[in-house]
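Trainee: I have a model open and would like to know what stands behind the labels people put on it. Could we go through a few together?
Mentor: Gladly; let's take them one at a time.

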Amino acid sequence: MASKFSQSFKVTRQAPELIVPAEQTPKEVKKLSDIDDQEGFRFQVPVIFLYRNNHPSPAMEGRDPVKVIREALSKTLVFYYPLAGRLREGENRKLLVDCNGEGVLFIEADANFSLDELGDEIHPPFPCLDELLYNVPGSDGILGCPLLLIQVTRLLCGGFILALRLNHTMCDGYGLVQFLNAMEEMAQGKPTPSVTPVWQRHLLNARNPPRITHIHHEYEQLDDSNDTLHTTNPNDLDHKSFFFGPEEISSLRNHLPPRLKNSSTFEITIACLWTCRTAALQLDHNQTVRFSCITSIRNKGSGIPRPQGYYGNAFGYPAACAKAGSLCGSGLGYAVELVKRAKAQMSGEYLRSVADLMVMKGRPRYTNVENFIVSNLANSGLAEVDFGWGKPVYGGTAGAMSLISFCMKFQRKDGKNGILIPISLPKSSMMRFQKEVKKMIAQGASTEDLSEMKQSEKLVCKL
């Protein structure tokens with residue numbers, strides 16, 4: 001999206017309202033798990049979906065998306081009633097959900113622009129995000145505040161934008177998609193969700209007695225007074241998204257030795273970004289840098305019962321460490337192996353060790369120091385959320401959040417599929433980062449790949 005657009009568009013909002021469950025729900029107090037209840041999860045994550053109105057389903061023809069989504073939300077909260085409650089702290093700051101049915105915040109809005117006016121390629125960063133996801137005063141706290149805020153904005157073209165803000169302690173990306181899929185079904189008139197939501201947060205609680213069985217570099221408590229991002233004024237950060245399609249991945253794969261040629265798109269892409277990011281920050285060669293890979297146990301044989309419908313946080317972020325000089329000077333294969341190593345650490349025992357660490361060490365926050373955290377949401381289903389107006393032009397997180405980036409599925413306007421990764425860096429570092437990424441891709445590109453990338457004029461650094 002072109003930043004100049006944010007100077008001319010207008011969004012007119014109605015007064016925020018609280019949407020409560022459509023039926024009476026249990027009044028009770030529920031504990032979050034010890035994986036949910038981490039200091040590093042006590043934040044609000046913004047997510048955005050942008051829809052055209054080209055091919056609505058027959059059931060949605062001529063219907064108002066605001067009304068449809070509002071009603072579906074109320075019906076869905078009957079089954080996901082903890083999300084209509086409020087968080088409070090118990091003994092030792094343990095987070096509890098007071099299921100009081102107070103409701104989630106909902107904002108109806110209208111914009112004076114069409115979807116096409118947002119630019120040729122619609123993706124983060126969204127300079128108009130504050131208008132599309134209004135921060136209702138007093139609503140963005142962790143305790144005693146709504147756990148979910150949704151704004152639906154009608155566009156002049158008949159399309160609409162759904163933006164939401166979720167308290168991360170309640171759900172991970174897969175849990176959020178499960179909730180949104182239930183909203184889809186309620187919008188279609190179904191009486192109950194096809195997947196029954198399951199609480200059972202005790203499944204990811206600490207053991208008794210707790211015992212830490214793994215090394216957790218991601219929670220090392222280090223002095224962050226000299227950390228690059230921690231010491232950068234937020235106004236001096238630059239936000240850009242980088243697209244990797246088949247040509248870019250092929251080019252990067254050419255850097256790898258035969259034994260690593262079958263590495264996944266995620267592994268190759270993140271290894272490239274971590275290396276280029278480290279080089280762009282111009283760190284001392286002996287500085288230890290980290291990559292933390294947010295990895296779910298949902299599709300792993302973890303030994304932890306995972307009932308279908310569980311919508312709590314079910315992931316960890318094991319870290320790989322390297323010296324900045326080694327990472328930048330040892331080739332892409334070295335970085336790929338480190339990314340693989342980080343991913344391979346995740347298991348049921350690893351996550352139990354994290355839960356035990358939370359209880360034993362006072363729920364520490366992940367380390368900020370020269371850490372690059374990436375969550376792979378490409379297969380989460382965010383890009384397929386359909387309320388009856390088709391899949392979104394873009395569906396995913398609203399951008400990078402400081403040292404945390406997200407890998408998301410994305411289709412360009414020319415129909416080319418790939419992954420999109422928003423990055424946040426100091427402005428001077430971002431310029432160097434773009435050059436490093438472009439150079440690495442160009443060095444591995446075949447003549448055919450280079451021709452294709454130049455023809456499309458979509459080298460990653462130009463997104």
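Trainee: Why does Gly 395 count as buried?
Mentor: This is a predicted model, so the value is computed from predicted coordinates. The relative accessibility of Gly 395 is 4%, and buried means under 20%, so the label applies to Gly 395. As for its place in the fold, Gly 395 lies in strand E15, residues 394–397.

Trainee: Which residues is Gly 395 in contact with, leaving aside its neighbours within four places in sequence?
Mentor: Ile 48, Phe 49, Leu 382 and Ala 383. Contact here means heavy atoms within 4.5 Å. For Leu 382 there is also a C-alpha separation from Gly 395 of 5.5 Å, with the two residues 13 apart along the chain.

Trainee: What makes strand E16 largely enclosed by the rest of the structure?
Mentor: Strand E16 covers residues 404–411, and six of its eight residues are buried, so the description fits.

Trainee: How do you know that E14 and E16 pair, and in which sense?
Mentor: Pairing needs at least two bridges. E14 and E16 have four, in the parallel sense, so they count as paired. Within E16, Ile 404 is the residue opposite Ile 373.

Trainee: And what joins E16 to strand E17?
Mentor: Four bridges again, with E16 and E17 (residues 417–426) running antiparallel. Met 408 stands opposite Leu 420 in E17. The hairpin of these two strands has five residues between them, and Gly 415 takes a positive phi near 90° there.

Trainee: Which strands are the edge strands of the open sheet E3-E6-E5?
Mentor: The three strands of that sheet pair in the antiparallel sense. E3 (28–31) and E5 (86–89) each pair on one side only, and they are the edge strands. On average, neighbouring strands are turned by 35° against each other, direction ignored. Between E5 and E6 (residues 95–99) there are four bridges, and Arg 86 stands opposite Asp 98 in E6.

Trainee: How many cavities of 30 Å³ or more does the structure hold?
Mentor: One, and the largest cavity has a volume of about 30 Å³. The lining includes Trp 274, Leu 283, Val 289 and Phe 372. Helix H5 (265–281), strand E11 (288–296) and strand E14 (371–376) each give two or more residues to it, with the largest share, four residues, coming from H5.

Trainee: What kinds of residues make up that lining?
Mentor: Five are nonpolar, two polar and three charged. Arg 277, Arg 290 and Glu 370 are among the lining residues, and Arg and Glu count as charged.

Notes
Residues are numbered from 1 along each chain as its sequence is written. This is a predicted model: local features need pLDDT of at least 70, side-chain atom pairs count only at pLDDT 80 or more; totals for chains, interfaces and linings use all residues. Side-chain values use heavy atoms; hydrogens and water are left out. On a 1 Å grid over the protein atoms alone, a cavity is a set of points where a 1.4 Å probe fits but cannot get out, and a pocket is an open set with protein on both sides within 12 Å along at least five of seven lines; lining residues have an atom within 4 Å of a point. Grid points are joined across faces, edges and corners, and a volume is the space filled by probe spheres set on the points. Axes are lines fitted to C-alpha atoms, for helices over the stretch in contact, and angles run from 0 to 180 degrees between N-to-C directions. Buried means under 20% relative accessible area, exposed over 50%, partly exposed in between (1.4 Å probe, protein chains only).
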